[in-house]
Structure formats: structure tokens, C-alpha cells
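Reader: I am new to this structure and would like a careful look at one part of it, beginning with a hairpin and its surroundings. Please explain each term as it comes up.

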Amino acid sequence: MSVLTEDKAGLLNHLTIILTRRKINIDSLNVSTTEVKGISRFSIVVTTSKDKVDNCVKQFRKLIDVLGAFVYEEDEIYYQEIALYKVPTSVFLNGNKIETLVRNSGARILVIEEDHIIIEKTGHIADTHELYQKLEPLGLLEFVRSGRVAISKSKRKTEAYIRELEETKSNQLSIKDY
């Protein structure tokens, strides 16, 4: 789901209440600014039925600070996640194996400290999990993965959508083109 909102405090709580009432767990959540000043985009990934997602989006649209809410299947968006892995520096002292592993995984070394190294990997969850599985036996110290960052493949421009929304009298748009 992609939800365009005014940049206001407390909105996350309203969105999560709608999901919680329907017993829908959030798999991934990312909130960021958009190209339009004062507008934020929530990217929410859930695993549930299409009917439940559609129902949530309808409820999201009823919230005053929500400007638009959309449902996307994975083939309708471009998306990535970022993962960070902390490994002990000592694993690099045992030859080029770890460097080759990092390079072949499309990852990069972000930071080298005396006692640990931070590796960064961008990709889909399967990509970041695959590197996790390869690093775990080598003494992985910490692992963190971001929420999904997604952008739709549609031709919709956020700025044009907001302008059109402002020009309507009912403050509701037909979302079939968005």
C-alpha cells in the first residue's frame, strides 16, 4: 500500500489502528518525504487477502490528513530494501574469501573499524537474506534491514495528483488513473 498524507504527527497511529482492528500485521513500513513539500508517503507491506487490503485503503482514505491511498501488487512497483551487516574484522584476516563473497553478492563495505566491519547490501528481501545466510556462519554480530522503499510504475505524478485534489470541490478524486 502507498499512502500519501499531510506531514502531521500522530498519523501513523491512525493507520496502524485500522490495520490492527483487522488483525493485519505490518511486514514492512517506510515513511518518507515526497517531491511535494509537506507531503509524506507511507509504504506499507502486508500479507493478507486482497479484500482486507482494499478495505483498509478505503478506511485510510476517510482520514482527514490522508490525500490518497493505493494498493499495488509487486509487479506494479519498483522497490528495494537496504540491509546492514556487522561482522568481526577478524573474518577478513583469513584471506580473500569474505571480500569475494561481498563483491559477488553486489554488496559493499561501508565502514571498517578495528573490531568490526559494516557491509551494506541493497536489493529485494531474498537478496539481503541470502547474504545474511552466507555471513551468519562467519560470525555475524548484528543485522538490520530497512522497510521497503517503493515507487509505482504508473505515470502518476504526486504533484499533479495533489493539485487535482485541491481543485475538486468534494476533495475526492476518482483514483482509477492513479
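Author: Strands S6 and S7 form a hairpin, with three residues between them. This is a predicted model, in which local features need pLDDT of at least 70 and side-chain atom pairs count only at pLDDT 80 or more, while totals for chains, interfaces and linings use all residues. Residues are numbered from 1 along each chain as its sequence is written, and side-chain values use heavy atoms, with hydrogens and water left out.

Strands here are DSSP runs of E with at least two residues, and helices are runs of H or I with at least four, both numbered from the N terminus. Two strands count as paired if DSSP finds at least two bridges between them. Within the hairpin, S6 (residues 108-112) pairs with S7 in the antiparallel sense over four bridges, and arginine 108 has glutamate 120 of S7 as its bridge partner. S7 also runs antiparallel to strand S5 (residues 77-88), to which eight bridges join it; there, tyrosine 85 is matched with isoleucine 119 of S7. Seven of the eight residues of S7 (residues 116-123) are buried (under 20% relative accessible area with a 1.4 Å probe, protein chains only), so S7 is largely enclosed by the rest of the structure.

From the hairpin we can turn to another group of strands. An open sheet of four strands has the order S2-S3-S1-S4, and its pairing is antiparallel. Strand S2 (26-33) and strand S4 (66-70) stand at the edges with a single partner strand each, so one side of each is left without a neighbour in the sheet. Neighbouring strands of this sheet are turned against each other by 15° on average, direction ignored, where the axes are lines fitted to C-alpha atoms. The antiparallel pairing of S2 with S3 runs over seven bridges, and in it valine 31 stands opposite phenylalanine 42 of S3.

Two helices accompany this sheet. Helix H1 (residues 11-21) packs on the sheet and touches S1, S2, S3 and S4, contact meaning heavy atoms within 4.5 Å. The direction of H1 makes about 25° with that of S3, on a scale from 0 to 180 degrees between N-to-C directions, the helix axis being fitted over the stretch in contact. Helix H2 lies across S1, S3 and S4, and runs at about 170° to S4.

A residue of the sheet gives a closer view of these surroundings. Threonine 5 lies in strand S1 (residues 2-6) and is buried, with a relative accessible area of 0%. When its neighbours within four places in sequence are left aside, threonine 5 is in contact with Leu11, Gly38, Ile39, Ser40, Phe42, Asp65, Val66 and Leu67; Phe42 is the residue that valine 31 stands opposite.

A contrast is offered by lysine 23, which lies in the loop between H1 and S2. Lysine 23 is exposed, with a relative accessible area of 75%, where exposed means over 50% and the range between buried and exposed is called partly exposed. Lysine 23 also has a positive phi of about 55° although it is not a glycine. Most residues other than glycine have a negative phi.
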